[in-house]
Structure formats: structure tokens, C-alpha cells
Amino acid sequence: MRFLLVGDIIGKPGRKALRYFLASYPSSFDAVIVNVENSAGGFGITRKVYEELKKLGVDVLTSGNHIWDKKEVLEIIDEPDLLRPANYPKAPGKGYGLYEKRGVMFGVINLMGRVFLDCQLENPFLTFDNLYDQLSRHTPIVLVDFHAETTSEKWAFGIYADGRASVVYGTHTHVPTADQIILPGGTGYVTDIGMTGCWYSVIGMKHQQAIQRFLTGMPQRYEVEEKGDVVFNAVIAEVEETKGRCVKMERVQLYISQEELREL
Ligand SMILES: [Fe+2]
Ligand SMILES: [Fe+2]
């Protein structure tokens with residue numbers, strides 16, 4: 001089973017780059033999982049964006065701390081393929097699901113780390129234990145989007161889940177890491193997939209506003225950078241279907257010009 005795993009998609013440039021990539025490699029993946037927490041104008045997701053991504057062929061939409069940014073997310077939060085971190089203690093929606101593609105069942109768990117993330121969350125390690133037990137009764141293939149700030153929490157979680165999860169991949173920092181690997185127990189791991197959005201930016205947002213904030217210490221309104229080339233970051237994970245072990249973790253990084261995106 002070949003999964004295309006995409007990290008945080010930043011606004012319209014990110015969505016266009018995803019469309020471009022999927023159009024360039026049609027039918028190359030058995031399932032596509034995308035983190036959508038920044039997909040609508042950089043903050044959250046709306047029904048319109050949800051429908052646009054579904055039309056592109058996205059199977060499962062994961063998220064993170066920005067999932068609540070647009071109030072109208074509450075209208076779609078119960079869609080079975082839209083996940084928010086499972087370790088929110090008592091929030092609408094759910095953080096895991098069982099899906100089927102081409103006759104193969106797989107589970108997806110969305111978790112959020114707790115270090116440097118200002119929210120009240122249950123322990124993601126223990127939440128995983130519980131959810132993995134439930135999902136693994138139905139399928140050996142379980143993927144985890146671990147949405148977290150620090151590399152150490154992500155690595156600790158990867159090793160903790162090794163031999164159980166098929167793939168543990170990080171999202172949230174918007175910066176890709178070069179450490180994709182298959183751990184000794186058969187779990188594919190990468191600390192952060194990185195964003196898909198305009199690269200000449202501060203993690204997808206206009207750099208002027210970010211720099212102003214660092215110069216003055218005052219809050220700034222952030223806007224998605226929409227100019228210049230777009231970087232598409234993803235990982236292709238190949239998972240063997242009987243035992244759910246990862247056999248290949250391949251990084252994809254593509255720089256796409258605005259002209260190429262306009263050709264779509
Ligand atoms: Fe993000
Ligand atoms: Fe995030």
C-alpha cells in the first residue's frame with residue numbers, strides 16, 4: 001500500500017501545489033493523507049476548502065492546533081475523514097478513523113505533542129496506546145500524524161510506537177527534516193514532513209509581518225505569502241499489507257513556479 005503523506009498545506013498556494021502534484025502523478029498512490037490545519041487562508045479549514053481537497057482525491061484530512069481557527073469548522077468536524085488531534089480532552093469531532101482503499105483497510109490516528117504547545121491535552125503516548133489497541137483489531141496498518149513542536153518529543157514518540165504504528169510522521173513546524181527512516185520494529189518515521197506553500201516566507205506567511213513582530217514584540221496579523229515559487233513537501237510511505245510494516249520511506253520535495261501552477 002502506497003501512501004502519499006503531505007504536511008501542513010498553506011492556503012491557496014499550498015492547495016494549488018497539491019493539485020499540481022496529484023495531476024502530475026495520477027493513480028500513483030493508494031491513499032493520500034494531508035494535514036489541513038492551515039489550508040484555508042493559512043488558518044483552519046472551511047467546508048469549501050474541505051470539498052475542494054476531497055475533489056482532488058484526498059482520502060484523510062488530519063490537523064493540529066489551528067483546526068479551530070475558522071468557526072465554521074464545526075459544520076464539518078463530524079465528517080468521518082476529517083480528524084483533529086485525538087488527545088483533545090473533550091472537543092467536537094474525533095482524532096482517529098478506519099478507512100478502506102482498494103480493498104485494504106487502514107487506520108489513521110492524529111495526535112498532538114504537548115511541549116511548547118499551549119493547550120490542554122491528554123498524554124499523546126497514552127492516547128496512542130488506547131487507540132492503537134482499538135484499530136489494530138481491524139487492521140495491521142496504522143499511520144500516525146504526530147503534530148508537535150519539538151524534535152525530541154517526536155523522536156521519543158516514534159521509538160515508543162515502533163513495532164506498532166506502520167508510520168509515524170511529524171507535522172506542525174512547516175520545516176522538513178531529513179531523517180526519514182525505518183525504525184528497527186518496522187515503523188517508518190520522519191520528524192517533520194514540512195509545509196507545502198510559498199517558500200520565500202516565514203513558514204508560509206509573509207515575511208514582513210513576521211519580522212515586524214520580532215522587531216517590535218507586538219502582535220501582527222499574518223497573511224499567507226502567495227508570491228514566488230511554491231515548495232511541495234511530502235513523504236511516500238510504502239506499507240506491506242499483511243503485517244503493516246513500512247518497507248520504504250521516500251522524501252519528495254518539488255519547487256513549482258507560479259507559471260507552472262497557472263498551467264493547471
Ligand atoms: Fe501548521
Ligand atoms: Fe500546528
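These exercises walk through a predicted model, each with a worked solution.

Residues are numbered from 1 along each chain as its sequence is written, and chains are lettered from A and ligands numbered from 1 in the order in which they are written. In this predicted model local features need pLDDT of at least 70 and side-chain atom pairs count only at pLDDT 80 or more, while totals for chains, interfaces and linings use all residues; side-chain values use heavy atoms, with hydrogens and water left out.

**Exercise 1. The sheet**

Task: Work out the strand order of the open sheet and find the neighbours of strand E5.

Solution:

- Step 1. Let's begin with the terms: helices (H or I, at least four residues) and strands (E, at least two) are DSSP runs, numbered from the N terminus. Two strands pair if DSSP finds at least two bridges between them.
- Step 2. Reading across the open sheet of 6 strands gives E4-E5-E6-E7-E9-E8, with mixed pairing. E4 and E8 are the edge strands, each pairing on one side only.
- Step 3. On one side, E5 pairs with strand E4 (residues 96-101) in the antiparallel sense over 6 bridges. Gly97 has Val108 of E5 as its bridge partner.
- Step 4. Next, E5 and strand E6 (residues 142-147) run parallel and are joined by 6 bridges. Here Val108 stands opposite Leu143 in E6.
- Step 5. Look at the connections too. The hairpin of E4 and E5 has 2 residues between the strands, and Arg102 takes a positive phi near 50 degrees there. From E5, helix H3 (residues 124-135) and E6 complete a right-handed β-α-β unit; right-handed means that, with the strands pointing away from the viewer, the path from the first strand over the helix to the second runs clockwise.
- Step 6. Finally, check how covered E5 (residues 104-112) is: 8 of its 9 residues are buried. Buried means under 20% relative accessible area, exposed over 50%, and partly exposed in between (1.4 Å probe, protein chains only).

**Exercise 2. The iron site**

Task: List the protein donors of the iron ion (ligand 2) and see which parts of the chain they bring together.

Solution:

- Step 1. Donors are N, O and S atoms within 2.8 Å of the metal (3.2 Å for Na, K and Ca), and since water is not among the atoms, sites may look incomplete.
- Step 2. The iron ion (ligand 2) has Glu37 (OE), Glu37 (OE), Asn65 (OD1), His147 (NE2) and His172 (ND1) as protein donors, lying 2.1 to 2.8 Å from it.
- Step 3. Along the chain, these donors follow the spacing E-x27-N-x81-H-x24-H.
- Step 4. Glu37 bridges the iron ion (ligand 2) and the iron ion (ligand 1), and these ions lie 3.5 Å apart.
- Step 5. Glu37 lies in the loop between strand E2 (31-35) and helix H2 (47-56), and His172 in the loop between strand E7 (167-171) and strand E8 (181-182), so the pair ties together parts that are 135 residues apart in sequence. Both Glu37 and His172 are buried.

**Exercise 3. His66**

Task: Place His66 in the model and name its contacts.

Solution:

- Step 1. An unreviewed UniProt entry places the feature "active site" at His66. UniProt positions are given in the numbering used here, feature names are shortened, and annotations may be inferred rather than shown by experiment.
- Step 2. His66 sits in the loop between strand E3 (60-62) and E4, and is partly exposed at a relative accessible area of 22%.
- Step 3. Using contact as heavy atoms within 4.5 Å, and not counting residues up to four places away in sequence, His66 touches Glu37, Asn38, Phe43 and Gly44. Glu37 is the residue that bridges the two iron ions in Exercise 2.

**Exercise 4. The two sides of helix H4**

Task: Sort the buried and exposed residues of H4 by the side they occupy.

Solution:

- Step 1. In helix H4 (residues 151-161), the buried residues include Glu153, Lys154, Phe157, Gly158 and Ala161.
- Step 2. They cover an arc of only 135 degrees around the axis, so they are on the same side of H4. The arc is that of the directions from the helix axis to the C-beta atoms.
- Step 3. Exposed Ser152 and Ile159 are on the face of H4 turned away from its buried side.
- Step 4. Among the elements covering the buried residues are E5, H3, E6, E7 and strand E9 (188-190).
- Step 5. After H4 comes Gly163, with a positive phi near 90 degrees.
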